[in-house]
Amino acid sequence: MSLLHWAILSPFIMALFVPFFYKYFRKIHTGWFVLILPIILFTYFFQFISETMNGRNIYETVPWIPSIGINFSAYLDGLGLLFALLITGIGALVILYSIYYLSKEKEALHNFYIYLLMFMGAMLGVVLSDNVLVLYTFWELTSLSSFLLIGYWYQREKSRYGAQKSMLITVFGGLAMLAGFILLSIMTNTFSIREMISQVATLPEHTLFIPAMLLVLLGAFTKSAQFPFHIWLPDAMEAPTPVSAYLHSATMVKAGIYLVARFSPIFAGSFEWFWIVSSVGIITLFWGSFTAVKQTDLKSILAFSTISQLGMIMSLLGLGSAALHYDHLDKNIYMAATVAAVFHLINHATFKGSLFMVVGIVDHETGTRDIRKLGGLMGVMPITFTLAVIGTFAMAGIPPFNGFLSKEMFFTGVVNAAKLGIFNMETWGLLFPIIAWIASVFTFIYSMILVFKTFTGNYQPEKLDVKPHEAPIGMLIPPIILASLVIIFGPFANILSQSIIEPAMASIQPSLLGENGTYHVHLYYWHGWNIEIFMTMGVIALGTIMFITLLKWSKIYDVFPKRLTLNKLYDGGLVALERSSYKLNKFYMTGFIRDYLVMIFAFMIVVLLSSLFIKDAFAFTTTNSAPIGIYEVVLALVMVAATVAILFAKSRLTSIISLGVVGYSVSLFFVLFRAPDLALTQLIVETVSVALFLLCFYHLPELKLKPKPLSFRLPNLVISLGVGTVVTLLALSANGTKLFDSISSYFVEASYKEAGGKNMVNVILVDFRGFDTLFEIAVLCIAALGIFTMIRLRLTRGKEG
Amino acid sequence: MEILMSILIGILFTAATYLMLSKSLLRIIVGTGLLSHGAHLLLLTMGGLKTGAAPLLGENAEFYTDPLPQALILTAIVISFGVTSFFLVLAYRSYKELGTDNMDNLRGTDRHE
């Protein structure tokens, strides 16, 4: 175990101690103890920047299940480090924020921090694992801890609904991803991602390549809330706001992005990857921004905005994969798309985290998140307002914030995509910049709604439950830090390019490294009068007009999306699934024993008959047969007559007596076939059985009074004839194919010599195979005890009487 | 002889199945009785019906019938007797408690009590 392993596991260890802090230090908010850990981890990871900048990656491994190649391998490269810094950095800020957000008297804080630490550890595990199965383990742990965090206020029905929905969707994707990982390991014969990447030259020819890619992508898309799997994210907003800020904007939803980036070296060369990733991304971008405008709840706006921004990052990753098809490294314009993806990933984490915190503050101080009730808070909460302006303007892509730069780079990416000469992009490529541009307009509109509907306009204190005021300073520090990053990463974006973005690029597109094994990324804040700047100006112009005239055109939302929502499909699907499985169960689980017997018999007939036919196992020979004797024939006729009599008997007495006749005939058969012990036993057993039958049923007066013949039913007859035929056929076939002689010559020889008995059957029963007899005695004892208990033990009587 | 016995066993199985598919609990028990008779005869037939002396060494015969299936059947008879008698008393008790021997009325329901 190296220090890196301990770093991954430390949140789990810390989680173990949280209940002690909570119980024994009630006066101090538990969050203060928890806060120490992410700060330590952040500084620990921060020092690796100098390592990864110089292309030195850290690889540490600990055997877990070495016999099947599962090792807990931690691998820290540029991409992993970027995510680790996001997770620990924003984690620390979120914990600080939650200290002020969650009351230490009213809330079950120990649960909250245990879940949060579990999540942090799992997330670190996801981004730092090299072994796919270990990655999957941590991946499911993030789903689980996210489920627990969404359902934190489990008394609320909506929380439970949201938690269940996110669980079902992300676990569905997680399982698909596991299948994809297994396919990958079958192709490459290893579980290590690095070793998979080293075999990338031969992989695309493999038949499992496309299925593995689709399954891995399914996992990434469900986790990162891509269309049409985005529906869980808005419902996950029932979680406490620090959770939404941390999980559902900055970290967990980026796990899918991480996965796509991490597996880019393996899959990105293919046509399917380019199309699926970029088109799903761009559809998500559009749909998320389009739907965000109609939301009235602040967190819902942010949820759809997150969906849309994740779609943007995803589409950039897809477009960036086109770079692999061009050789001229220096002029490779498509690499810029991947750079934009990484850069926007960082930017989004900063401004979205701060916006969630701002919304949390508004919610905390006013008691509502409904924009119809809010307005005019600018004077009441000036600091919060400033933070909101910074966050939303960055989100809308307005200078001088970092969102402007990444949006420009995004436009560069889509404009270049339209020029792409491969993958049918000559015809379809133009759609990318158009959709991206329209989506940006909507992004602008909802950003403006978010800030102006909340902070300007009419101040309506009568609609609010509490008197709003500025938040405490502790609650404001985390968003202030994030907002200052938003500002710094704008004009001074190059402090990121060498330290973070270049190493991350080296992990995403290792085959495109320059001569000395590094990239050269340089971000220009001002890049001249080009088409992108005009696009941005167009976005701002049209967005402003549409925002002002919002009331006039927002009616289109009433017509279209209300009827056609994916949530209805999901809910309806769940209900239909439940109903249809209930109906299916109802259909065959009738509760009638007869139906079950029919199924069992029918199955037996079908299986046995078909296997007889398939194997052509019919064999009728008379060579081994014994001659037919007259006594046997007569006895057989008697037996058939008695059997038929049972079937047609009107009274139960007749059928019992006929059963007795059959039993005595069997014992006569035993006599004829020279089995004296059997004959004796059968005679006695039959007598006692018939006596029992009579005792039990003849003396039940109600039954005696209503003798009814067995009613005829054709299906029953068919089934029973089938069973009889199958048994006869099997008996004949078995009799016709005797493969080897009996072992009984040994018993004939050894009975007297070794066991000292002349009755061979008895010697077998008590000597050669005495064990059978022992347990047969046990069976009889149990039956006797059971009968005795059944008759004597009457618990219900006592209750009634 | 084996072919004749096979057909006889088939008839026993047919009748037994038909009875087991009926509504009355008593008929089901009669059916299981017939089924065990059929199974015992099947065991005996499959062991071979060649004529020989009863498996008693005192007979001093040249050929004996196979003793092993007989031992098996003896065990089976006793066990099926035990099970049948238990089943009979169970049917008797359930009739006494529930007042019916109609299997359609002895149905399980969805209701959890």
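**Entry 1: Helix 27 of chain A**

I began with a term: the expected span of a helix is 1.5 Å times one less than its number of residues. I note at the outset that the model I examined is predicted.

I then looked up helix 27 of chain A, which runs over residues 630-648 and has 19 residues. From its first C-alpha to its last it reaches 27 Å, close to the expected 27 Å.

Next I asked which residues of helix 27 of chain A are buried. I found A:Glu632, A:Leu635, A:Ala636, A:Met639, A:Ala642, A:Thr643 and A:Ile646. These residues lie on the same side of helix 27 of chain A, because they cover an arc of only 125° around the axis.

I turned to the face directed away from that buried side and recorded the exposed residues A:Ile630, A:Leu637 and A:Phe648 there.

What do the buried residues of helix 27 of chain A pack against? I noted helix 28 (652-672) of chain A, together with helix 1 (2-20) and helix 2 (25-46) of chain B.

**Entry 2: A:Ser667**

I looked up A:Ser667 and placed it in helix 28 of chain A. Is A:Ser667 buried or exposed? Its relative accessible area is 4%, so I entered A:Ser667 as buried, the cut-off for that term being under 20%.

I then listed the contacts of A:Ser667, leaving aside its neighbours within four places in sequence. The residues in contact with A:Ser667 are A:Ala679, A:Gln682 and A:Leu683.

**Entry 3: The largest cavity**

I searched for cavities of 30 Å³ or more and recorded a count of 6. The largest cavity holds about 140 Å³ of space.

I found that 14 residues line the largest cavity. Nearest its centre lie A:Glu686, A:Ser689, B:Ser36, B:His37 and B:Thr84.

Which helices each supply at least two residues of this lining? I recorded helix 29 (676-698) of chain A, and helix 2 and helix 3 (67-98) of chain B. Helix 29 of chain A gives the largest share, 5 residues.

I sorted the lining of the largest cavity by class and obtained 5 nonpolar, 8 polar and 1 charged residues.

**Entry 4: The second largest cavity**

I noted about 80 Å³ of space in the second largest cavity. Its lining includes A:Phe673 from chain A. From chain B I listed B:Leu44, B:Gly47, B:Gly48, B:Leu49, B:Lys50, B:Thr65, B:Asp66, B:Pro69 and B:Gln70.

By class, I entered 4 nonpolar, 4 polar and 2 charged residues for the lining of the second largest cavity.

Methods
Residues numbered from 1 in each chain as written. Chains lettered and ligands numbered in written order. Predicted model: local features only at pLDDT ≥ 70, side-chain atom pairs only at ≥ 80, totals over all residues. Heavy atoms only, no water. Helix = DSSP H or I, 4+ residues; strand = E, 2+ residues; numbered from the N terminus. Buried < 20%, exposed > 50% of the residue type's maximum accessible area, 1.4 Å probe, protein only. Arc of directions from axis to C-beta. Contact = heavy atoms within 4.5 Å. 1 Å grid on protein atoms, 1.4 Å probe; cavity = no way out; pocket = protein on both sides within 12 Å on 5 of 7 lines; lining within 4 Å. Points joined across faces, edges and corners; volume = space filled by probe spheres on them. Nonpolar A, V, L, I, M, F, W, Y, C, P; charged D, E, K, R; others polar.
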